[in-house]
Amino acid sequence: MTDKNEKHAEAEMVHEGGQQNEITLPHQVLPQHLHLIPISGRPFFPGQVQPIVLGGDFWRDTIQKIGETEQKVVGLVYAGNIPVQETAPEDFYPVGCVGKVMKPTMKDTNIHFICQGMQRFRIKRWLSSKVPFIVEVEYLAEEELKEELDDTETKAYALSIITAVKELVQSNPLHGEELKQALQYFTPNEPSPLTDFAATLTTASGEELQQVLETIPILERMQRVFPLLQKEVQISKLHGEISKDVNTKINSRQREFFLREQLKTIQKELGITKDDRSADVDEFEKRLKGLQPPQPVADRIEEELKKLSYLEKGSQEYAVTRNYLDWMSSVPWGVFSEDKLGIKEARRILDRDHDGLDDVKERIIEFLAVGAFKKEIAGSIMLLVGPPGVGKTSIGRSVAEAMGRKFYRFSLGGMRDEAEIKGHRRTYIGSMPGKFVQALKEVKTANPVIMLDEIDKIGASFRGDPASALLEVLDPEQNADFLDHYLDLRVDLSKVLFICTANQLDTIPGPLLDRMEMIRLSGYITEEKITIARNHLWPRALERGGLKKNQLKLSDAALRQLIDGYARESGVRKMEKHLLKIVRKTVVQLLEDPEKKVSVTAKNLADYLGKPFFRKESLFTGVGVITGLAWTPMGGVTLSVEATAIRKQGGGFKQTGQLGDVMRESSEIAYSFLQSHAAHYGIKEDFFQTHLIHLHVPEGATPKDGPSAGVTMASALLSLGKNRRMKRNLAMTGELTLTGKVLPVGGIKEKVIGAKRNDIRELILPEANKGDFDTLPDHIKEGFTVHFAQNYDQVAKVVLSALKGK
C-alpha cells in the first residue's frame, strides 16, 4: 500500500484553512528525472513489495547512480518479454511505477534488491536512450480521483473485489498466511490500492496487467481487474477439484494396497496361500512335470530354483533368475509331435495347395518317402530358390501340414545381429534367447518345421555376422548340440526340419550354401498362371470382396490378357493384386446397382485395370541382331544383342549397354574368336581391320552381367560379317571360349520359359545342359526345336542356315 506521506512531491503542504504547514523533507520528494529499469513478464504496481534480480555487469552503473540520489528511487517499466539486456526505448510502455530501492547487494555476479512500489508515472521525455536509461516523468496523482470514492458503484465493486480476493486466497494453497493477514487491512474506502493488490494476485498476461496499470480512473480500473480476478477464482476452484480427485484416487489405492498386504499376511499365517516366491517356484515345477530335459539341463534348473528360493523378491538378481527359469521351463525338452509319413496324403496336400511346380513337389515327395521308409524324418535343411511370388513360403506351410508338424516362420532379411540367432548373454539388460529357442517355446514341440525366409538378404554389422552364426544351426553334424548364449546350455535342433528361401544364390556365403539341399522354383508360364488363378487366386479374391461367383465373372480371354499385359513377372503376386483391383471396382458398381451382373472380358479389361503395362514384345531384327536368353531374379527374359560396323582403318571394338565385367570379357572373347576365324566362316579377311565394331545390348539403363551371352555376341558378329539378317525367331544361350568351346550355363528352365513367353520356338543350348532341358516338364518343352552345341561350329551351322540376304 502507498504511504499517504509519500505522495506526489511538493515543496510545502497547506491545510484546508489555507495556512502554512510543515515543510516536506527532501528525501520525501519524488524527482522529475528517473533512472529506468525494464521489467519483463508482468508490470510492477504501487504498493507491491518484491525482490528484483538484475545482471550485475549490465546494470551495475544504473544501481550505483540510483544509490547516489537522495530519494533512492527507480522507475520500473514493463517492456514485454524481451530480455532486459536487449531492450530499447521503443520497447518501453508509456506508464510505469516508481519504486524505492532497498538493501541492494551483489551475489553470484547478480544485483539483488527489494523494491517497494510507490506511485504511477508517465514518461514525458527521454534524456538518455542508452544504459543507464534516464527519462523525465510526470506523476499520476491519485488525489484527482477522490470524487469517485463516494460513488455507490465504486463501493460495490470494492466489496466484490474483497470477496473475490478472500475466496481466491482461501482456495489457493500457494498463498501464505502473511498474504491472508494483509488482506484484512484493505477496506472499500481505499479502492485504488485494493484494486492494484488484486491485480497482482492474478496470473493474467503482462499486456492485460499493463492496461490495468495505465488505467487511472478508479472505477474503470476496477472494471478491468474484476473479470481477471473472477477468472482466477474459477481456475483455482478447478485446480482444487482436480487435486481432490487425484488425492482420493491415491488414498484409495494406498488403502487397497495395505489391505491386500494384510490379507496376504493373514492367508500366510493360516496356510491358505503362499507368497509370490513360492508361487513362482511351484509354477516352474508344474511346467517341468511333462518335460524330459537332459541331465545337464535338469541340474541347471534345480540349481536356479534353489537360488530363487533364497533371493530377495525385490532384488534385481531375483528378476534375472526368474526370467531365466521362465524360459528354461518353456522350452519343450523331449516333447515331439508324431510325424505323418503317408506319401499319398502328402501328395494330396501339395497338389491341393499348388498348381504346377511338379518337379519341386516330386523332390519333396522323395524327401518324405525316405523318412517314411526309415520310419523317421531326421532334421534336414532345404533351400527353396526362386523369383518372388512363386510360392516358396506356402510350400513350406504345406510341407509342415503334410508331415503333421508345427510351423514357425521368421525372416532373416536385414538381420545384422548374431544375438538374434544365438541369444544374448544373461548379463545384459533385456537379454533374450535367440530366435530358435523362441520358436521352440511358441510351437511347444522340439521337432517343428522352421522356415528361414529371405536367407539371401541377411546382413552383417559390428554386432557380428548372423550368417556365420547360422553355420552351427544348419549343420546336421553340429545342431544336435546348439549352444544358446542366454540359456548357456545345449539345445537339440537335430529333429527340426529347416526350410530356407532365397531369390538368388550370389549373396549366400559358400559354407552356408554347402550345408543346404537346394530346390529351384522357376517362374510360371501363362497356362500355369491361368490354372493358379482359377483354382486359388480368383476364389480368394471373390471371398475377400464378399462377392458370389454369379455376381462377377472373368473370362479366360480376359485372364490371359491380364497375365500378358499386366502381370508378366515369374510369380503371381501382381496377378493377385490386379484380380483384387477388379473385385474392388466391381463392389463399387454393385453398391450403386445391387442387381447388376458384372462380366469382365478382354474388351473391357482396360476399364478396370487401365492401360496394359506390357505390350507384345517385337524382337529386334536386322543385320547384326541376335536374340539371347538371360536369367534374372524375376525369371527368364530375352536379351537382344546388336552389332554394327563403322569403316575405320585399323579396326577396333567397343561395347555399350552398361555391361558388367564378365559380360565385357565375353564380348571381347567373341570378337577375338570371330576375328581369328573370319575366313573359316566366310567373312572377308580385312573386314575387322577396316571396320570399328560397335556391340550394344539395348535397355542401357539396366545393368547386365554374366557369361551366358558369349555365343549370342559371336552370332551377332557373324551376322554382321556376313551382312545377313535372321530369317526366323531363334534364341540362344551359352558361354564361349577362345577356342570355340560352348560351356554350360545356369537357369535353363527360366530361360526356356522366357522364350516360350515371347513365342520363340527354336533354341540353341549348350550340349552340357541337355540333361537340364530333358528334366523339364513336358508342357514346358512342348513346341520347341532345340539344337545342342558343343562348339561354335555347331552354333554357326544353325545360325547360317537361319540367315538370309540383307
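## Helix α22, two nonpolar cores and a buried lysine

Let's start with helix α22, whose buried residues are Gly-710, Val-711, Thr-712, Met-713, Ala-714, Ser-715, Ala-716, Leu-717, Leu-718, Ser-719, Leu-720 and Gly-721. Please keep in mind that this is a predicted model. In other words, 12 of the 13 residues of α22 are buried, and the helix is mostly covered. The length of α22 fits too: at 1.5 Å a residue, its 13 residues (710–722) should span 18 Å, and the end C-alpha atoms are indeed 18 Å apart. Just after α22 comes Asn-723, with a positive phi of about 55 degrees.

Now to the nonpolar cores. The largest has 53 residues, of which Trp-538, Leu-552, Met-575, Leu-579, Ile-582 and Val-600 touch the most other members. Helix α17 (residues 526–545) gives the most to this core, contributing 7 residues. A second core, separate from it, holds 52 residues, including Leu-288, Leu-305, Cys-500 and Met-516.

Finally, meet Lys-749, which belongs to helix α23 (residues 748–757). Is Lys-749 buried or exposed? Its relative accessibility is 12%, so Lys-749 counts as buried, the cut-off being under 20%.

The table lists the contacts of Trp-538 and Lys-749, leaving out residues up to four places away in sequence.

| Residue | Residues touched |
|---|---|
| Trp-538 | Ala-533, Leu-552, Leu-554, Leu-579, Ile-582, Val-583 |
| Lys-749 | Asp-359, Ser-522, Leu-776, Ile-780 |

Definitions and conventions. Residues are numbered from 1 along each chain as its sequence is written. This is a predicted model: local features need pLDDT of at least 70, side-chain atom pairs count only at pLDDT 80 or more; totals for chains, interfaces and linings use all residues. Side-chain values use heavy atoms; hydrogens and water are left out. Helices (H or I, at least four residues) and strands (E, at least two) are DSSP runs, numbered from the N terminus. The expected span of a helix is 1.5 Å times one less than its number of residues. Buried means under 20% relative accessible area, exposed over 50%, partly exposed in between (1.4 Å probe, protein chains only). A nonpolar core is a set of buried Ala, Val, Leu, Ile, Met, Phe, Trp, Tyr and Cys residues joined through side-chain atoms within 4.5 Å. Contact means heavy atoms within 4.5 Å.
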